[in-house]
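Q: Please take a close look at the strand pairing here. Then follow it outward to what packs around it.

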Amino acid sequence: METLYAPPKTLHRVATHYCPGCGHGIVQRLIAEIIDEWDIRGKTIGIAPVGCAVLAYNYLDIDMSEAAHGRPPAVATGIKRVHPDNIVFAYQGDGDLAAIGLAETIHTAARGENITVIFVNNAVYGMTNGQMAPTTLLDQKTTTCPEGRSADEHGSPLRICELLATIDRCSYLTRVSVTNPRNVQKTKAAIKKGFRTQMGKKGFSLIEVLSPCPVYWRMSPIDSMRFIDDEMSRTYPLGTFKDWEKEGS
Amino acid sequence: MKSSLHNKQLMTGNEAAAEAAIQAGCRFYYGYPITPQNEIINHMAMRMPQVGGTFIQAESEIAAINMLHGSAAAGARVMTSSSGPGISLKQEGISYLAGSELPCVIVNVQRGGPGLGDISPSQADYFQAVKGGGHGDYRMIVLAPSSVQEIADLVYDAFDLADKYRNPVMILGDAQLGQMMEPVEFYKPAKTYLPPKKWALTGADGRPKNVIKSFYPVKGELEKFNRRLQKKYRKIEETEVRYEEINTKDADLVLVAYGTCARISREVMNKASKIGYRIGLLRPITLWPFPKDALRRLSQRVRTFMVVEMSAGQMVEDVKLSILGRCPVHFYGRMGGGVPSTNEIINNILEVLPKINAADSVEMIEI
């Protein structure tokens with residue numbers, strides 16, 4: 001019988017620690033699929049963050065490093081400078097990338113480091129039981145804004161792609177989601193483009209993935225996907241904010 | 001064994017630290033400006049492009065130490081440098097480096113503290129360096145040079161020790177050692193056997209993946225890992241202690257000092273011996289591992305110790321722990337950027353040391 005589809009070899013066949021309906025499993029599987037399709041296991045190095053994806057190195061069968069909270073882009077920089085022909089990606093959540101590690105995010109982009117950041121934005125600190133993140137939506141309830149996020153009290157949500165788009169050395173910035181098969185395929189294409197950006201030494205690339213956290217959104221997995229489509233993507237519109245191929249740079 | 005690479009040249013301690021790193025094969029340096037270590041970052045910015053290396057002025061001390069983490073994980077020789085406040089910022093990163101067993105070299109050109117303090121020489125970061133300023137049960141090998149030449153020599157050794165034990169190594173200097181100029185000679189590093197870095201991240205090409213981490217969430221794993229770390233630390237304590245001992249044989253008082261204070265103490269020893277006092281010097285070169293056995297041995301025949309530091313008294317605690325009350329331990333320290341003069345120290349010695357020769361009197365001594 002002909003095999004039409006099989007799990008990627010680069011993904012270990014183990015149960016993950018992710019909650020039911022979480023988006024991390026989808027994104028990590030996409031990374032594994034791309035590594036298989038392009039046969040780049042031997043040259044890909046990943047960085048796992050502090051946060052829900054801390055154990056990504058247990059699921060992806062590639063060389064990986066841990067990084068302190070917020071520092072994956074700095075660690076990725078250190079690795080990429082030693083191995084400039086390898087594909088180096090930093091896998092980060094919103095607390096990691098947009099709160100404690102925002103300086104590293106901005107300056108790694110400003111240097112135009114040839115790395116790819118895969119930014120999983122689920123608008124909440126999942127690992128620590130659902131506190132407010134920099135990307136938590138207005139009126140969204142979390143354990144540290146139990147009455148809902150208020151702009152006056154907690155500040156406004158940070159739009160990372162829009163923020164980074166002002167940086168000249170930033171080469172590829174896009175926001176995608178994993179709410180349906182079409183969007184999942186778009187996410188896969190975006191990660192591929194991120195990898196192609198660094199393979200062509202075109203500079204810094206970041207793929208922001210709007211991803212569900214049903215447990216701390218207190219929604220069913222299906223309602224979480226709808227929430228992304230109907231609510232979250234209004235604050236964080238999907239689309240490409242910088243593209244070196246279109247700018248001819 | 002060592003072959004000379006250049007003729008002697010006049011250099012600041014900071015420049016010597018940077019150049020020695022390059023001679024030792026370090027091709028990756030990440031730093032952030034802070035006085036009094038700026039000659040290191042400036043020298044690296046000039047030299048790294050000449051040797052095909054990488055220099056990045058990081059956006060913060062935190063970014064710099066994490067870039068170091070990346071390059072160390074990728075298998076390269078890598079260095080960063082800073083002073084007081086900047087080293088404090090690096091502490092989380094140092095804990096991760098120790099927990100991930102990554103070899104690297106960190107230079108601390110100490111300045112006065114706490115807080116912003118000042119930019120004068122100090123030795124008040126001893127506790128931070130030796131006891132671990134970051135979280136968790138970890139150790140750094142800490143080397144304390146006391147001349148520009150020794151800075152260069154110890155930087156070579158620091159890279160070897162880091163690679164040998166997969167552990168961060170700190171060079172603990174100070175503003176005086178970093179800023180002063182002395183003749184220095186660079187050697188082609190002697191070839192020592194170092195284990196291949198099979199654990200490094202290179203891309204898992206035709207081999208099982210490598211993972212660099214310090215996270216052990218499964219119950220019992222972290223304790224097991226910690227036991228292994230402690231075993232490594234015991235081995236370092238057994239193998240790598242270094243110190244210099246001068247005139248201790250018949251000494252009535254032994255000065256214990258490192259770095260700048262050891263230089264001053266050596267002068268004190270020479271002056272005091274001219275007027276009939278038997279003063280010795282024990283100079284720790286490794287602050288961790290600490291030369292506790294040497295001190296214990298000395299305590300069996302020496303009447304008293306005096307520890308001299310540019311701090312409120314930090315290393316003195318390790319001296320006391322080493323000799324376990326066998327004889328008195330006196331302390332003379334200056335703080336907040338103050339550097340002790342030889343006369344200050346001699347006057348303090350005279351206060352604590354019973355006169356050896358009745359003919360001598362304090363008043364008669366001209367120093």
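A: Two strands count as paired if DSSP finds at least two bridges between them. The elements are DSSP runs, numbered from the N terminus: helices are H or I with at least four residues, strands are E with at least two. The model is a predicted one: local features need pLDDT of at least 70, side-chain atom pairs count only at pLDDT 80 or more, and totals for chains, interfaces and linings use all residues. Residues are numbered from 1 along each chain as its sequence is written, while chains are lettered from A and ligands numbered from 1 in the order in which they are written.

Start with the sheet that both chains build. Eight strands form an open sheet with mixed pairing, in the order β9(A)-β7(A)-β8(A)-β4(A)-β3(A)-β1(A)-β2(A)-β11(B). Its edge strands are β9 (239-243) of chain A and β11 of chain B, each paired on one side only.

The join between the chains is parallel: two bridges link β2 (63-66) of chain A to β11(B). There, A:S65 stands opposite B:I212.

Further along the sheet comes β1 (44-48) of chain A. Five of its five residues are buried, where buried means that 20 or more other C-beta atoms, placed from the backbone, lie within 10 Å of the residue's own (exposed is 12 or fewer, partly exposed in between). Both faces of β1(A) are covered: A:T44, A:G46 and A:A48 lie on one side, A:I45 and A:I47 on the other. Four parallel bridges tie β1(A) to β3 (87-93) of chain A. Here A:I45 has A:V88 as its bridge partner. β1(A) also pairs with β2(A), again parallel and over four bridges. In that pair, A:A48 is matched with A:E66.

A helix covers these strands. α2 (72-82) of chain A lies across β1, β2, β3 and β4 (116-121) of chain A and runs at about 175 degrees to β3(A). Such angles run from 0 to 180 degrees between N-to-C directions, with axes fitted to C-alpha atoms, for helices over the stretch in contact. Contact means that the C-beta atoms of two residues, placed from the backbone, lie within 7 Å.

Now the whole chain-chain contact. Chain B gives 32 residues and chain A gives 29. On the chain B side, α3 (61-73), α5 (91-99) and β11 (211-212) each supply at least two residues. α3(B) has the largest share, eight residues. By class, the chain B side has 13 nonpolar, 14 polar and five charged residues. Nonpolar covers Ala, Val, Leu, Ile, Met, Phe, Trp, Tyr, Cys and Pro; charged covers Asp, Glu, Lys and Arg; the others, Gly among them, are polar.

Next, a sheet within chain B. Seven strands make an open, mixed sheet in the order β4-β3-β5-β6-β8-β7-β15. β4 (54-57) and β15 (286-288) stand at its edges with a single partner strand each, so one side of each has no neighbour in the sheet. From one strand to the next, the twist averages 20 degrees. β3 (28-31) and β5 (78-82) of chain B are parallel, over two bridges. B:F28 has B:V78 as its partner in β5(B). α3(B) packs on this sheet, touching β3, β4, β5 and β6 (104-110) of chain B, at about 165 degrees to β5(B).

Then β13 (253-256) of chain B. Its two faces are both covered, with B:L253 and B:L255 buried on one side and B:V254 and B:V256 on the other. Four bridges join β13(B) to β16 (304-309) of chain B in parallel, and B:L255 pairs with B:M306. β13(B) is also joined to β14 (279-284) of chain B by four parallel bridges, with B:V256 matched to B:L282. The link from β13(B) to β14(B) passes through α10 (259-274) in a right-handed β-α-β crossover: with the strands pointing away from the viewer, the path from the first strand over the helix to the second runs clockwise.

Last, the domains of chain B. Domain 1 is 3-239 and domain 2 is 244-364, with bounds from an automatic or database assignment. Between them, 27 residues of domain 1 contact 22 of domain 2. Elements giving two or more residues to the domain 1 side are α6 (126-132), β7 (141-143), β8 (168-174), α8 (175-179) and α9 (221-239) of chain B. α6(B) gives the most, four residues.
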